[in-house]
Structures are given as structure tokens and as C-alpha cells.
Amino acid sequence: MPSPLEKLKRLFQPRPIRYTGHALYSSCVEQSRQPIFYKDYGIEDAIGARFELLTFHVGLVIHALKALPAGDARRAQAQETAQVLFDTFIDALDHTLREQGTGDLTVPKKMKKLGEVIYTRMKRWDDLWATGTDTDRADYAARTIFAGSAFDGDAEQGGDAPQSVPLNTAQPFATYADEARKALDVDAILNGRLDWCAIPDLDAESAGAA
């Protein structure tokens with residue numbers, strides 16, 4: 001959770017950076033709420049799965065920003081933009097818990113647990129992009145996005161659920177995830193725009209394979 005000093009620093013961040021962070025977060029929310037994920041891909045339309053799907057998309061953008069090499073002139077701006085996006089995500093989760101009626105004394109404890117889940121997810125996806133296979137990514141999606149999570153903060157240390165669906169059910173999402181990663185353009189991100197790839201139509205894919 002941000003300290004009072006970090007919150008004060010954020011308050012005085014240049015307005016364009018803050019605007020960019022909010023614009024990127026809104027785009028992640030919009031993408032993660034696309035009906036096709038829930039109607040066709042088989043992801044449960046429940047708060048835990050929606051949280052997992054949003055965490056994935058926010059993490060994907062942060063991964064793209066932090067992947068710039070040290071010598072890239074855009075690196076400093078990318079690092080700051082990634083932090084603002086992350087802070088915006090955390091603030092939104094905090095606000096959601098409070099809207100749900102979570103008491104002021106309980107919110108920090110639940111946010112700490114959610115923070116552990118988020119960190120674990122983002123770190124694992126970073127590793128999967130670096131060394132994982134398509135099957136590994138499908139397996140991880142099955143254990144997180146398809147399994148859902150306890151958004152109310154009862155998740156244990158960011159642990160993964162047992163595989164809840166067959167790998168062939170999660171495989172189309174893993175394919176989408178890779179295409180979405182490749183479609184992201186850092187220059188566009190730094191200007192507050194996310195050019196998400198089209199989400200593959202599973203019915204069309206099945207028809208083409210027939």
C-alpha cells in the first residue's frame with residue numbers, strides 16, 4: 001500500500017502522467033469486461049474471475065512498459081507510467097472494497113492480501129513470457145483466471161487454485177494473451193492509448209478448423 005509520502009508525491013505528479021495512467025486503466029477495465037470472455041471463453045462472470053482478468057490485462061501493460069532495455073530513451077517515462085497505472089489499479093480496488101461496505105479497519109488487511117495476489121500473478125506472467133510455453137500459459141490461466149479468486153481479500157498469499165478446467169478450455173485464452181501482448185505498442189501506451197488485438201471468435205475458429 002502507498003505510504004502517505006508516496007500519496008503526496010503522486011498528488012504532485014505532472015498531470016499528463018496521471019491522465020495517462022487513468023486512461024490506460026480505463027482501457028484495461030473495458031477490455032477485461034468484453035462479453036466474449038464470459039459468453040464464449042468460459043470464464044465465470046463473477047467478481048473473482050473479473051478481478052483475475054483485470055489483473056492480467058493491467059499486468060500485461062505494465063510488462064510491456066517495464067520490458068524496455070536500460071538504454072532506451074523512453075525507459076524513465078515508461079517506468080513512471082507503469083507505476084501510475086499500478087497505483088490507479090490499487091486505488092480502484094480500495095475504492096471498490098469500501099463501496100462494498102468493507103470497514104475502514106478491515107480494508108488495509110484485505111488490500112494487503114489482494115496486493116500479494118496481484119504481485120504473484122504479475123511476476124508469474126513475466127516469467128511465463130520469458131521462458132514459458134503456450135501450454136504453461138494455458139495451465140496458469142486455468143489455475144487463476146478460470147478458477148477465479150477471493151476478491152474480498154481472503155485469498156491466501158496469492159496462491160493458485162487447482163486446475164479448474166481442462167487445458168483445451170484455457171488454451172484459446174492463452175493464444176489470445178500472446179496476441180494481445182504482441183499487439184501492444186509502447187509509444188501508443190505512453191500516449192495513453194492501448195491498441196488491443198481483436199479477441200478471436202471461437203465459433204469462427206471452430207468453423208475454420210472443420
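# Worked exercises on an all-helix model

Setting aside residues up to four places away in sequence, Y38 touches S32, R33, I43, E44, D45, R50 and L53. Keep that list handy for the exercises below. The model you're looking at is a predicted one.

**Exercise 1. Place Y38 in the fold and work out whether Y38 is buried or exposed.**

Solution, step by step:
- Start with the element: Y38 sits in helix α3, residues 35–39.
- Next, check accessibility. The relative accessible area of Y38 is 15%, and the cut-off for buried is under 20%. Y38 therefore counts as buried.
- Then go back to the contacts. The residues touching Y38 include I43, R50 and L53.
- Finally, look far along the chain. F146 is 108 residues from Y38 in sequence, yet their C-alpha atoms are 10.0 Å apart in space.

**Exercise 2. Get the overall layout: how many helices and strands does the protein chain have?**

Solution, step by step:
- Count the elements: there are 10 helices and 0 strands.
- Read them off from the N terminus and you get α-α-α-α-α-α-α-α-α-α.
- Now for burial: of the 210 residues in the protein chain, 45% are buried.
- Last, ask how far the contacts reach. Among contacts with a separation of 6 or more, 70% join residues 24 or more positions apart.

**Exercise 3. Find out how α7 meets α8: at roughly what angle do their axes cross?**

Solution, step by step:
- Pick out the two helices: α7 covers residues 134–143 and α8 covers residues 167–183.
- Their axes come within 8 Å and cross at roughly 110°.
- That angle falls in the 65 to 115 degree band, so α7 is roughly perpendicular to α8.
- Who makes the contact? On the α7 side you'll find D134, T135, R137, A138, D139, A141 and A142, and on the α8 side L167, A170, Q171, F173, A174 and T175.
- Sort those residues by class and you have 7 nonpolar, 3 polar and 3 charged.
- Now look at burial within α7. Its buried residues are R137, A138, Y140, A141 and A142, and they pack against α6 as well as α8.

**Exercise 4. Zoom in on F173: which residues is F173 in contact with, leaving aside neighbours within four places in sequence?**

Solution, step by step:
- F173 belongs to helix α8.
- With a relative accessible area of 0%, F173 is buried.
- Its contacts, leaving aside neighbours within four places in sequence, are F37, Y41, I43, L53, F56, A141, I145 and F146.
- Compare this with Y38. I43 and L53 are on the contact list of F173, and both are on the list for Y38 too.
- For a distance check, try A142: this residue is 31 residues from F173 along the chain, and the C-alpha atoms are separated by 9.3 Å.

**Exercise 5. Take two residues of α5, D87 and A92, and decide whether each is buried or exposed.**

Solution, step by step:
- D87 is in helix α5, and A92 lies in α5 as well.
- D87 has a relative accessible area of 11%, so D87 is buried.
- A92 comes out at 18%, so A92 is buried too.
- Each has a partner far back in sequence. For D87, take H22, 65 residues away in sequence and 9.6 Å away in space, C-alpha to C-alpha.
- For A92, take Y25, 67 residues away in sequence and 9.4 Å away in space, again C-alpha to C-alpha.

**Exercise 6. Describe the largest pocket: which element gives the most to its lining?**

Solution, step by step:
- Begin with the volume, which is about 390 Å³.
- The lining is made of 22 residues, and those nearest the centre are I62, Y119, M122, K123 and D126.
- Elements giving two or more residues to the lining are α4 (47–66), α5 (75–99) and α6 (107–131).
- Of these, α6 gives the most, with 9 residues.
- Split the lining by class and you get 11 nonpolar, 6 polar and 5 charged residues.

Terms used. Residues are numbered from 1 along each chain as its sequence is written. This is a predicted model: local features need pLDDT of at least 70, side-chain atom pairs count only at pLDDT 80 or more; totals for chains, interfaces and linings use all residues. Side-chain values use heavy atoms; hydrogens and water are left out. Axes are lines fitted to C-alpha atoms, for helices over the stretch in contact, and angles run from 0 to 180 degrees between N-to-C directions. Helices (H or I, at least four residues) and strands (E, at least two) are DSSP runs, numbered from the N terminus. Angles under 35 degrees count as roughly parallel, over 145 as roughly antiparallel, 65 to 115 as roughly perpendicular and the rest as oblique. Contact means heavy atoms within 4.5 Å. Ala, Val, Leu, Ile, Met, Phe, Trp, Tyr, Cys and Pro count as nonpolar, Asp, Glu, Lys and Arg as charged, and the others, Gly among them, as polar. On a 1 Å grid over the protein atoms alone, a cavity is a set of points where a 1.4 Å probe fits but cannot get out, and a pocket is an open set with protein on both sides within 12 Å along at least five of seven lines; lining residues have an atom within 4 Å of a point. Grid points are joined across faces, edges and corners, and a volume is the space filled by probe spheres set on the points. Buried means under 20% relative accessible area, exposed over 50%, partly exposed in between (1.4 Å probe, protein chains only).
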